[in-house]
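Open the model in your viewer and keep the sequence panel visible. The stops below are given as selections, each followed by what is found there.

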Amino acid sequence: MRTQALLDADTVESLLAAAVAAPSIHNTQPWRFRLDPHRQVLEVHSAPERTLPLTDPTHRAQYLSVGAALFNLRLAAVHHGRRPEVRLLPDPRDPGLLAAVRLTGPLGADDLPSHPALHEAIALRHTSRTPFTGRPVPEPIVARMVTAAHAGGARLHVPDIVGTRRLLRLTAAAEARNHTHPDRIAETLSWITAPGKDARYGIPVTALGPPDAGGRMPMRDFTGALPVLRRPALWFERHVQLALLWTPHDRREDWLRTGQALQYVLLTATAHGLRTSLLHQAMEWPDLRAATALPGHKRCHPHMLIRFGYGRDGARTPRASAHPAMRAAAAPRPEVPPATGTRTI
Ligand SMILES: Cc1cc2nc3c(=O)[nH]c(=O)nc-3n(C[C@H](O)[C@H](O)[C@H](O)COP(=O)(O)O)c2cc1C
């Protein structure tokens, strides 16, 4: 077997830039990377200081976020001609180690296909919280999103009008509940960046959307007790196009797989010119999450509602970039034998 050249600093930086472009709940970016240059392994760890104890006590949303970053990392590795061998939760003694990605060897037939449009979509995708035009998305594009979810190890259900109304109702119920919990309001607000402030984590007010003037679209209100930050209401699309991402099991590894599937779906949509936004509120209340399950399915664990359509691009949100230590851990150009040990960002 051909031995792959050592990972150089530019490649590592490019892989990490792709990984951190992933969506994450409240833009918490709840990941941390560590490079073992000797084994050419990139470890993905959770960042316990960037969790949401009230909104996400089980850390399911955190795992979805990390899974999305992992999918970007895999795509970027393939783009660089590297074979990403992923092990989820590789060490039972280290629960914070969520994945180990070995980046050696040439690509094999069973790897994620190199897909330039999907790779390009990593940088193009932004959550879009403004009204969509309502133009129907052609069936073949929706079918590709469903296939992407499946390939990523999850399922994507596209409901009819009655099902869509049901899911919106449950999301509205969750949103109403959030409003009556001052602690949750405060937790969410603590991840919103005030105008003029510079921050690497959290959502800037410029990326927030308006409420629906028609009162039908339960977009998340991030502004809570500070209505001064709230935008004037606008009319949202009449025919909402939604998809429910779910899995038949609900273990930690399923959450990591679902995050990868989520990102596969979002990038597929983006590559076809669609905009997306996420409605996760109902998943944050156990009874409402259970109620979003598909009727008649014995084992349906819902994870996310994806709203998709045509419309304006979402505003950019900031990201924390790779720490210089990470560059130092990678081989400099020209490549030299690596230092032993691991470095963390
Ligand atoms: C698990 C998860 C849950 C999310 N829930 C919501 C949500 O309920 N409402 C919303 O507007 N955005 C939601 N988002 C989107 C994030 O706020 C967004 O990804 C983050 O702010 C980064 O922005 P970007 O997606 O434009 O890169 C969610 C993202 C993830 C991964």
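Start by selecting α4 (139-151) and α5, each of which supplies at least two residues of the lining of the largest pocket. The coordinates on screen are a predicted model. Of these elements, show α5 as sticks: with 8 residues, α5 gives the most to the lining of this pocket. The volume of the largest pocket is about 810 Å³. Its lining has 40 residues, and those closest to the centre are Leu168, Arg216, Met217, Pro218 and Val240. Colour the lining by class and 19 nonpolar, 8 polar and 13 charged residues appear.

**The whole chain**

Zoom out and switch to a cartoon. The protein chain has 9 helices and 11 strands. Of its 345 residues, 52% are buried. Among contacts with a separation of 6 or more, 76% join residues 24 or more positions apart.

Now colour by pLDDT. The chain averages 91, and 89% of the residues score at least 70. Select residues 334-345, where the pLDDT is below 50; this stretch still has 33 contacts in the model beyond near neighbours in sequence. Where pLDDT is low, the predicted coordinates should not be read in detail.

**The second largest pocket**

Which residues should be selected to reach the centre of the second largest pocket? Take Pro23, Ser24, Arg125, Thr127 and Arg319, the closest to the centre among the 36 residues of the lining. This pocket has a volume of about 690 Å³.

Add α1 (9-20), α2 (60-79), α3 (116-124) and β9 (275-279) to the selection; each supplies at least two lining residues. The helix α2 gives the most, with 4 residues. Colour the two domains separately: at least three residues of the lining come from each of domain 1 (9-123 + 320-340) and domain 2 (139-309). By class, this lining divides into 19 nonpolar, 12 polar and 5 charged residues.

**The cavities**

Next, turn to the enclosed spaces. The structure holds 2 cavities of 30 Å³ or more. The largest cavity has a volume of about 130 Å³.

To find the largest cavity, select its lining: Thr55, Glu175, Asn178, His179, Arg184, Ile185, Thr188, Arg220, Asp221, Phe222, Gly224 and Glu284. Two helices, α5 (161-179) and α6 (182-189), each supply at least two of the lining residues. The helix α5 thus appears here as well as at the largest pocket, where it also supplies at least two residues. The cavity lining consists of 2 nonpolar, 5 polar and 5 charged residues.

**Thr292**

Move to the loop between α8 (286-291) and β10 (301-309), and select Thr292 there. Is Thr292 buried or exposed? Thr292 counts as buried because its relative accessibility is 0%. Show its contacts with the more distant parts of the sequence: leaving out residues up to four places away, Thr292 touches Arg166, Leu167, Leu170, Leu244, Ala282, Met283 and Pro302.

**Pro204**

Select strand β7 (residues 203-204), in which Pro204 is found. With a relative accessibility of 15%, Pro204 lies under the 20% limit and therefore counts as buried. Draw a distance from the C-alpha of Pro204 to that of Ala194: the two are 6.5 Å apart in space and 10 residues apart in sequence. Not counting residues up to four places away in sequence, Pro204 touches Thr193, Arg316, Thr317 and Pro318.

**Two residues with positive phi**

The last two stops concern the backbone. Most residues other than glycine have a negative phi.

Select Gln29, in the loop between α1 and β1 (31-36). Gln29 is not a glycine, yet has a positive phi of about 50 degrees. Gln29 is buried, with a relative accessible area of 1%.

Then select His59, in the loop between β2 (41-46) and α2. His59 also is not a glycine, and its phi is positive, at about 75 degrees. How does its accessibility class read, buried or partly exposed? His59 counts as partly exposed because its relative accessibility is 32%, which falls between the 20% and 50% limits.

Notes:
Residues numbered from 1 in each chain as written. Predicted model: local features only at pLDDT ≥ 70, side-chain atom pairs only at ≥ 80, totals over all residues. Heavy atoms only, no water. pLDDT = per-residue confidence, 0-100. Contact = heavy atoms within 4.5 Å. 1 Å grid on protein atoms, 1.4 Å probe; cavity = no way out; pocket = protein on both sides within 12 Å on 5 of 7 lines; lining within 4 Å. Points joined across faces, edges and corners; volume = space filled by probe spheres on them. Nonpolar A, V, L, I, M, F, W, Y, C, P; charged D, E, K, R; others polar. Domains from an automatic or database assignment. Buried < 20%, exposed > 50% of the residue type's maximum accessible area, 1.4 Å probe, protein only.
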